[in-house]
Amino acid sequence: MTWVPSISLFVKFLIKNGANKESLFPLQYDNLKIPVEIFHKNGVVKQEPGGDDTQADLSFPVLNFSKLVNFYTHCLQNNPTAYTQQELKQLMVILCRCSLDLRLQIVLFDIETCIAAVLECFGSDQWPDEVHVNCVIFSHVMKCYTVVS
């Protein structure tokens, strides 16, 4: 089996670049069992309250994010069984939340391609259950977005 990056590496990248747990995983996703250690391991920079959001917006590495998303897409397409169903759901939430970030609209196609790769990882016998779960995820993402915006 080939090495694939963990979902926590993706989360760490986002947190190091200004995201916070609440923006990635609103309370509605507690049932996804997001490992708390994702947010507290060495090297994770927490967003400081009252920080300069404008500077964070300008310095977000969109190109690096795009390359990371493309790498995850590649891993998902070439190793569809490398991630558990739970990890796929976690990644789906992260990608959906990222797709709503205005700074990332320039790489929206990359995000959509990765979402499609996540969906393709679910086997045909899993689809009846997963279609419902993913629709709930999409619905919650949109509800959270409309509350925030």
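Start by selecting alanine 116, which at 33% relative accessibility counts as partly exposed (buried means under 20% relative accessible area, exposed over 50%, and partly exposed in between, with a 1.4 Å probe and protein chains only). Alanine 116 sits in helix H6, residues 108-120. Helices here are DSSP runs of H or I with at least four residues, strands are runs of E with at least two, and both are numbered from the N terminus. Now add methionine 92 to the selection: it lies 24 residues away from alanine 116 along the chain, and the two C-alpha atoms are separated by 9.6 Å.

Before moving on, keep in mind that this is a predicted model, where local features need pLDDT of at least 70 and side-chain atom pairs count only at pLDDT 80 or more, while totals for chains, interfaces and linings use all residues. Residues are numbered from 1 along each chain as its sequence is written, and side-chain values use heavy atoms, with hydrogens and water left out.

**Zoom out: the whole chain**

Switch to cartoon for a moment. The protein chain has seven helices and zero strands, so the order from the N terminus reads α-α-α-α-α-α-α. Of the 149 residues, 41% are buried. Take the contacts (heavy atoms within 4.5 Å) between residues at least 6 apart in sequence: 79% of them join residues at least 24 apart. Turn on the surface and you are looking at about 8700 Å² exposed by the chain, with carbon and sulfur atoms supplying 58% of it. Those areas come from the Shrake-Rupley method with a 1.4 Å probe, and for residues only the protein chains shown count as cover.

**Next: helix H5**

Select residues 85-99. That is H5, with 15 residues and a reach of 21 Å from its first C-alpha to its last, close to the 21 Å expected at 1.5 Å a residue (the expected span is 1.5 Å times one less than the number of residues). H5 is mostly covered, with 12 of its 15 residues buried. Among the buried ones are Leu88, Met92, Ile94 and Cys96, along with Lys89 and Arg97.

**Then: helix H1**

Go to residues 7-16. How many of the 10 residues of helix H1 are buried? Seven are, so H1 is largely enclosed by the rest of the structure. Colour Ile7, Phe10, Val11, Lys12, Phe13, Leu14 and Ile15 to see the buried set. These buried residues pack against helix H2 (21-24), H4 and H5. Just past the helix, click on glycine 18, which follows H1 and has a positive phi, near 110°.

**Helix H4 and its neighbours**

Helix H4 covers residues 62-78. H4 has 17 residues and reaches 24 Å from first C-alpha to last, close to the 24 Å expected at 1.5 Å a residue. Its buried residues include Val62, Phe65, Leu68, Tyr72 and Cys75, and the buried residues of H4 pack against H1, H5 and H6.

Two residues of H4 are worth a click. Glutamine 77 is found in this helix and is partly exposed, at 47% relative accessible area. Show valine 118 with it: glutamine 77 and valine 118 are 41 residues apart in sequence and 8.3 Å apart in space, C-alpha to C-alpha. Phenylalanine 71 is also in H4, and is partly exposed with a relative accessible area of 34%.

Keep phenylalanine 71 selected and add Trp3 and Leu9. Trp3, Leu9 and Phe71 form a nonpolar patch on the surface, with about 330 Å² of accessible area together. Patches are built from residues with over 30% relative accessible area and no salt bridge, joining like charges within 9 Å and nonpolar side chains (Val, Leu, Ile, Met, Phe, Trp, Tyr) within 5 Å.

**Cysteines**

Show the cysteine sulfurs. The structure holds zero disulfides, a disulfide being a pair of cysteine sulfur atoms within 2.5 Å. Cysteine 75 is in no disulfide, and the nearest cysteine sulfur, that of cysteine 114, is 9.3 Å away. Cysteine 96 is in no disulfide either, with the nearest cysteine sulfur, that of cysteine 98, 9.4 Å away. Cysteine 75 is buried at 4% relative accessible area, and cysteine 96 is buried at 6%.

**Last stop: a salt bridge**

How many salt bridges does a search of the whole structure find? One, where a salt bridge is a side-chain nitrogen of Lys or Arg within 4 Å of a carboxyl oxygen of Asp or Glu. Select arginine 103 and aspartate 101: they form a salt bridge, the closest N and O atoms being 2.7 Å apart. Arginine 103 counts as partly exposed, at 28% relative accessibility.
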